[in-house]
Amino acid sequence: MPDAPAALEEHVARILGAIDRLAPVPTRIDDAAGLVLGEDVTAALDLPRFDHSAMDGYAVRAADLVSASAEQPVRLPVTGVVAAGGGPGAEVAPGTAVRIMTGAAVPPGADAVVPFEEVLGAGPATVGFGAPVAAGRHVRRRGGDAAAGTLVLRERTFLGARHLGLLAAVGRPHVACHPRPRVALISTGTELVASGSDPGSLRPDSVLDSNAVVIGAAARIAGADVTTLGPVGDDPAAFRELLDQALVSADAVVTTGGISAGDHDVVKETLAGEDGMWFGKVAVRPGRPQGFGVLTSPDGRRVPVFALPGTPVAAYLTFVVFVRPAIRELAGRRRLPALHGRLTSEVRAHARTVLLPGRYDASTGAAAPDPEAGGHRQTALVHADALLIVPPGDRLLPVGTSVEVIPLDPEGR
Ligand SMILES: Nc1nc2c(c(=O)[nH]1)N[C@H]1C(S)=C(S)[C@@H](COP(=O)(O)OP(=O)(O)OC[C@H]3O[C@@H](n4cnc5c(N)ncnc54)[C@H](O)[C@@H]3O)O[C@H]1N2
Ligand code: MOO
């Protein structure tokens, strides 16, 4: 039965089964925010690199203050001062103290720091202490945070600001990261004009290319570098030229339009005979016509090609369920955890899986179908923050039924 539609899960599996994470490349940490680490990373240097003071105060030998009390303070001569970046200073000899600033190297001999606020009667030449101090007090030890050679970050870590700061601190300015997937977008349709075109130049049947904008933005948010090559008319030679251009450098290509049953279905016409491409129906609503395959770039790379339907709502929703996970996979990101919610109003299921826009409240698990959703209205989509996945079957799902939920903006939470 070549025409039997594929189940949604089958199509997802077909796609993810054909995708490999992009090979890690050396990356400067300044360019690595939002990338995924492609190696285990060890500290190149001790953190801190030297014993330093955590407070402004006096560096002492704890043994000198053992007998100190409020009644019988210990007074020590102050033999010098050390500041951050000012060198380690001379040894703190037994029975002496040195003024020390936060971040300064603790001079040899000293093993504790007493903050200014805790000393008694400090003068330029001597300082009094009214209590003992524990050895190690207010001293940050060399390697105490991370010792050189120890593992600080594991492969597959998503690099946020704090991870990059740690890499900087342990002397790892370059790390291997899965690169941002380079995604090329081609909108097809003779009716299309680039969004932003002068309204006066539009013909009565011109359509503004919104797919390039929504898919481009969604792909960037999913971690891609996006190049927009369209829109291109329903002309196989012109489409082929853009596709060939895309294949030179893209890690994935996304097309919209031109894949249904009409006379000018340029994507299907151009690619249906191509080795490795599949076109057919997926039992999903909206977005039934789909195409997917892996083509080979001129330099021999395997490049996944996603042919999405042109209808804007269908293009975006099927981007979310089929293409976003693939981009995340290329980028080395982890799969988003499966979420479930309970319907707050009854929903009629359909022979195909329905991608139902709605709102999801993670704190209560409430999954509220959008009353405006279900058609092809782009305005309805902006009220939604999730897709409620209504499984196929001819039945009414009552309030409280558990359904899978896919957030539309997982990064925005
Ligand atoms: N006889 C059949 N006709 C259709 C079927 C079918 O099974 N049999 N499937 C329908 C379904 S479902 C969909 S979805 C569409 C998909 O068609 P295409 O992928 O070929 O898309 P187009 O025909 O090129 O465009 C459809 C629609 O969307 C507008 N569009 C296209 N691209 C953009 C864009 N970049 N920005 C804004 N709007 C866009 C286009 O103007 C059309 O109105 O096929 C049904 N037909
Ligand atoms: O995919 Mo079409 O969007 O089902 O109308």
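**Exercise 1.** Leaving aside neighbours within four places in sequence, which residues is R324 in contact with?

*Solution.* This is a predicted model, in which local features need pLDDT of at least 70 and side-chain atom pairs count only at pLDDT 80 or more, while totals for chains, interfaces and linings use all residues. Residues are numbered from 1 along each chain as its sequence is written, chains are lettered from A and ligands numbered from 1 in the order in which they are written, and side-chain values use heavy atoms, with hydrogens and water left out. Begin with the position: R324 belongs to helix α6, residues 312-330 (a helix being a DSSP run of H or I, at least four residues, numbered from the N terminus). Then list the contacts (heavy atoms within 4.5 Å): A222, F319, L336, I406, P407, L408, D409 and P410. Finally, the R324 side chain reaches the backbone oxygen of L408 at 3.0 Å.

**Exercise 2.** Why does R324 count as buried?

*Solution.* R324 counts as buried because its relative accessibility is 5%, and buried means under 20% relative accessible area with a 1.4 Å probe, protein chains only.

**Exercise 3.** Describe the surroundings of ligand 2.

*Solution.* First, take the shell (residues with a heavy atom within 4 Å): P286, G287, R288, P289, A314, R352 and H376. Next, sort these residues, which divide into three nonpolar, two polar and two charged. Last, inspect the oxygen atoms of the ligand: one is 2.3 Å from a polar backbone atom of G287, one is 3.0 Å from a polar backbone atom of R288, and a polar side-chain atom of H376 lies 2.8 Å from an oxygen atom of ligand 2.

How values were computed
Helix = DSSP H or I, 4+ residues; strand = E, 2+ residues; numbered from the N terminus. Buried < 20%, exposed > 50% of the residue type's maximum accessible area, 1.4 Å probe, protein only. Polar contact = N/O pair within 3.5 Å; in protein donor to acceptor, adjacent residues only side chain to side chain. Nonpolar A, V, L, I, M, F, W, Y, C, P; charged D, E, K, R; others polar.
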